[in-house]
Amino acid sequence: MAKPVLVIEDDPDIAESLRYNLERDGLTAIIADTGEKGLSLSLSGKNPPGLIILDLMLPGMNGIELCRRLRREPLTRRTPIIMLTAETSEADRVAGLDLGADDYITKPFSVRALLARGRAVLRRADESSSARYEDARMSIDFEDMRVVCDGEGIKLTRKEFALLAILAKSGGRVATRQYLLDGVWGHQYYGDLRTLDVHIRRLRQKLGNCGDAIETVVGVGYRFAGCSEGNLKDSDLSSEQALETATNG
C-alpha cells in the first residue's frame, strides 16, 4: 500500500509499538497524539492515509467526534478506520460501527491481530471500489443500477438498490441499522426505524431466490453473504430433483 497508515493514539508506548510493527510489515506509519492533529493529517491533500487506526479516548477532540468528522469529509469518507478502545460494551461497539468505523478492537490487543485486521479492511475497501459485484448466481452493476439473479433482471426502486449496494460493498461486514439508514435516508432522517426493516423485507422478496444473500444479525443490523450455488432454497432443490427424476425416468 503506497498510502501511509495514520495512527491517532495519545499513549506514546502504544503509538510507537504500532509504528514499529507497521514499518516492519513494510508500511509507512504516521503518528498523531490528538484528535486535532489526526484530523489535519487525515485531510492532507499531499499524502492522505490509506488506513486510520483511531483511539476512542483522545484529549480534546475524542475518537467518536473525529470519526464523525472524517466520514463527513469527501477525502476520508471511504478511508478504512479501525477504532481502538478500552471500552468493551456492546453499545460502544455498535456506536463505533454506526459512525462508519470498519472494525473495532479493544485494549489490550495483539499487534499481530491488529495488522491482520488492517489488511482485511484494506482488501474490503479495494473490493468495494469495484464498479460491480458478481458471484455464482448474482451480479450487481453499481454504475448502471442493474441487478441480475439466476439470469433474470430484477427491478428495484432507488432506495432498494441503494440498500443492496451498501450491503454488497461491505464485503461481508455487518452493517448496523443506523449505518444503513444514514447511508440511504441521510443523517437528518428521524423517522421510524422499522422503515428499514420494511425495505429489507421488500428487497429480499424482489431478489427471490437470491433474497437469502442478505442475512439478519439480530440486535445489530444486516450482512451481505452473497449468493453461491450452495444457497439454493429447499423448494428450488426439490424442483431440480423432480425435473431430474422426470428427465431420467
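**Exercise 1. The disulfide**

Task: Find which way the link of C149 and C210 turns about the S-S bond in this predicted model, and where its two cysteines sit.

Solution. Start with the angle: the link has 85° about the S-S bond and is right-handed. Next, place the two ends. C149 belongs to strand β8 (residues 146-149), while C210 lies in the loop between α8 (194-207) and β11 (214-217). The two cysteines are 61 residues apart, and the pair links distant parts of the chain. Then check the distance: the sulfur atoms of C149 and C210 are 1.9 Å apart, and a disulfide requires sulfur atoms within 2.5 Å. Last, look at the surroundings of the pair: both C149 and C210 are buried. The structure holds one disulfide.

**Exercise 2. Two further cysteines**

Task: Work out why C227 is not bonded to the closest cysteine sulfur, and whether C67 is buried or exposed.

Solution. The cysteine sulfur closest to that of C227 is in C210. The two sulfurs are 3.2 Å apart, which is too far for a bond. For accessibility, apply the cut-off for buried residues, under 20% relative accessible area. C227 has 2% relative accessibility, so C227 counts as buried. C67 has 0%, so C67 counts as buried.

**Exercise 3. R177 in helix α7**

Task: Describe the position of R177 and find its polar side-chain partner.

Solution. First, the element: R177 is in helix α7, which covers residues 177-185. Second, the exposure: partly exposed lies between the cut-offs of 20% and 50%. R177 has a relative accessible area of 24%, so R177 is partly exposed. Third, the contacts: apart from neighbours within four places in sequence, R177 touches L193, R194, L196, D197, V220, G221 and Y222. D197 is the polar partner, as its side chain makes a polar contact of 2.5 Å with the side chain of R177. Fourth, a distance along and across the fold: R177 and G219 are separated by 42 residues in sequence and by 9.0 Å in space, C-alpha to C-alpha.

**Exercise 4. E160 in helix α6**

Task: Decide whether E160 is buried or exposed, and find which backbone nitrogen lies 2.9 Å from a polar atom of its side chain.

Solution. E160 is located in helix α6 (residues 158-168). Its relative accessibility is 4%, so E160 counts as buried. The backbone nitrogen in question is that of T157. Setting aside neighbours within four places in sequence, the contacts of E160 are R202, L203 and K206.

**Exercise 5. Strands β1 and β2**

Task: State how β1 and β2 run and how many bridges join them, then follow the chain from β1 to β2.

Solution. Strand β1 spans residues 5-8 and strand β2 spans residues 29-32. They run parallel and are joined by four bridges. One place to see the pairing is V5, which stands opposite A29 in β2. Between the strands the chain passes through helix α1 (residues 12-24), giving a β-α-β crossover that is right-handed.

**Exercise 6. The whole protein**

Task: Report how many helices and strands the protein has, and what share of its residues is buried.

Solution. The count is nine helices and 12 strands. Of the 249 residues, 42% are buried. The exposed area is about 13400 Å², with 48% supplied by carbon and sulfur atoms. Among contacts with a separation of 6 or more, 57% come from residues 24 or more positions apart.

Technical notes. Residues numbered from 1 in each chain as written. Predicted model: local features only at pLDDT ≥ 70, side-chain atom pairs only at ≥ 80, totals over all residues. Heavy atoms only, no water. Buried < 20%, exposed > 50% of the residue type's maximum accessible area, 1.4 Å probe, protein only. Contact = heavy atoms within 4.5 Å. Areas by Shrake-Rupley, 256 points an atom, 1.4 Å probe, with all protein chains shown as cover. Pairing = 2+ DSSP bridges. Right-handed = clockwise from strand over helix to strand, strands pointing away. Polar contact = N/O pair within 3.5 Å; in protein donor to acceptor, adjacent residues only side chain to side chain.
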